[in-house]
Amino acid sequence: MIQQLVDRGGCEQATVLIVGAGSGVDLPLLRRLGPRRLVLAEAHPEQAEALSGRVDPARGEEVWPLAISAEPLEQASLHVVNNLAFSSLKAPTGLLEYFPNLREVRQDAVPTRSLAAAIETLALDAGAEHLLVLDAPGQAFELLGATPPQALRAFATVIVRCSLEPLYEGDEAVEEVLATLRKIGFDPGNRDSEAIYPQTAIVFARSESHAEKLQLEALLAQVKADCDAQMQLASRHTKEIEHLIVDRDRAAALAQEHKADLDQASRLAAERGAELEKATQLAAERQKLVASRDEQVQKLVEERDAQAKLAAERGAELEKATQLAAERQKLVASRDEQVQKLVEERDAQAKLAAERGAEVEKAAQLAAERQKLVASRDEQVQKLVEERDAQAKLAAERGAELEKATQLAAERQKLVASRDEQVQKLVEERDAQAKLAAEQVQKLMQERDGQAKLVAERQVLLDKASSQNQERGARIIELEREQARLDRHQAWLDQEVIKAEAQVELIKDILLRDKAT
């Protein structure tokens, strides 16, 4: 997968983050990417130490001897497997079913850092073609789900090594990983054809159109939230204005009441003034009367003084009421100014809400255009589905050919078995004839001295037997040649079967890729 990126142009002036770098076997290939900064995170202490001895800080290479986790933790338990490439922060479950030779040997406490914190530490430059490689067995889905989408979208390319089926505790199938990255704006690309089932590796490229769509949706949601907030604020201001208007009306009614009291006090003071003047006139007249009326005059004077005192008190009350009316008038004027300000604020908020409404309509139009783009992508997906069906049909035809080849191989095997039986019988017959000839030769040698004539006759029989043995030997050689030819043909059939099985595996891989995409 890294080689494809090298062929495409590398990651010059970019940052490459490798989660699960191992002992640095891929380091020479990673250097060919030409990154400005290469960060290698490895949880296993021994591998991290070996990796530290291979990096070159002058090239911007550095090692993080820690595990990358989904949540911020200081330490976590690393489940160490006898093959370190399969070690993980998650306990292996289904892994041991697929690979019986693997086993967990121990658990080590290792320092950890969340993926979100790691990306924040890198301080990635906007616009550079940054690369993220997740080679953390059993953690891909959890890492991607717990990291903020805007942090992941800082990378132009993401390579995820995961499994087609859950192999670790809490792990998810590759379909969930695909859905998570698609949701945040990444399109899946090529898969690693050399990965061992059920493992796989997929390259994801950041989709600018999808990212823009997500940004527009977020902006639209923000605009709607702002509009709702502005409407709530306007409603709250309207209620406050209504309350102030009610307070103003109450203050005006109170001022009217005080004004009525002031008018009544003025009328009473006028009446009392008229009475005082009348009493004064009466007192003057009474002064001219006889001394016998002095007591009445004295009473009238006292009564006049009381009336004067009452008039002074009413005058003070009148002045106080006048001041209170002036204060009430000022309060009414202040409330009117506040009401005017709130009305102006409400008008400004209404104008802002109208502008936000126009922005919402514009964002909706952009969303419609993005929807058309999604429809175009759906048509492309339909074409890919049709191509996948054609590949499935081809796989079925290849399967029929494989079955036919298998039957032919079985028939050839039966023929070879039959020829083996024939050869075995001929060998047994040859051995029997050889044994019989040996016995006859021995017997002829014993009787040679006394039976010369019989020896001659036996010699003829011996020659005949030898001739038969030669014929049987030639027949055996011919059968052995036929056996060699059958063996060569069987080897050819085995090669054809292996090729057919390889084609079937290739077709299965293609179908699995189409199903995953």
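What follows is a short chat about surface patches and one buried residue in a predicted model.

Reader: What kind of model is this, and how are residues numbered?
Author: It is a predicted model, where local features need pLDDT of at least 70, side-chain atom pairs count only at pLDDT 80 or more, and totals for chains, interfaces and linings use all residues. Residues are numbered from 1 along each chain as its sequence is written, and side-chain values use heavy atoms, with hydrogens and water left out.

Reader: Which residues form the negative surface patch?
Author: E240, E344, E345 and D347. A patch takes residues with over 30% relative accessible area and no salt bridge, joining like charges within 9 Å and nonpolar side chains within 5 Å. A salt bridge is a Lys or Arg side-chain nitrogen within 4 Å of an Asp or Glu carboxyl oxygen.

Reader: Which helix gives the largest share?
Author: Helix α10, residues 294-447, with three residues. D347 lies in that helix and is partly exposed at 44% relative accessible area. Partly exposed sits between buried, under 20%, and exposed, over 50% (1.4 Å probe, protein chains only).

Reader: Switching topic, which residues make the nonpolar patch?
Author: Y98, Y197 and L512, over about 280 Å². Y98 is in helix α4, residues 95-98, and is partly exposed at 32%.

Reader: And T147, buried or exposed?
Author: T147 counts as buried, because its relative accessibility is 5%. T147 sits in the loop between α6 (140-146) and α7 (149-152).

Reader: What does its side chain reach?
Author: The T147 side chain reaches the backbone oxygen of L143 at 2.7 Å.

How values were computed
Areas by Shrake-Rupley, 256 points an atom, 1.4 Å probe, with all protein chains shown as cover. Lys, Arg positive; Asp, Glu negative; His and termini not counted. Charge placed at Lys NZ, Arg CZ, Asp CG, Glu CD. Helix = DSSP H or I, 4+ residues; strand = E, 2+ residues; numbered from the N terminus. Polar contact = N/O pair within 3.5 Å; in protein donor to acceptor, adjacent residues only side chain to side chain.
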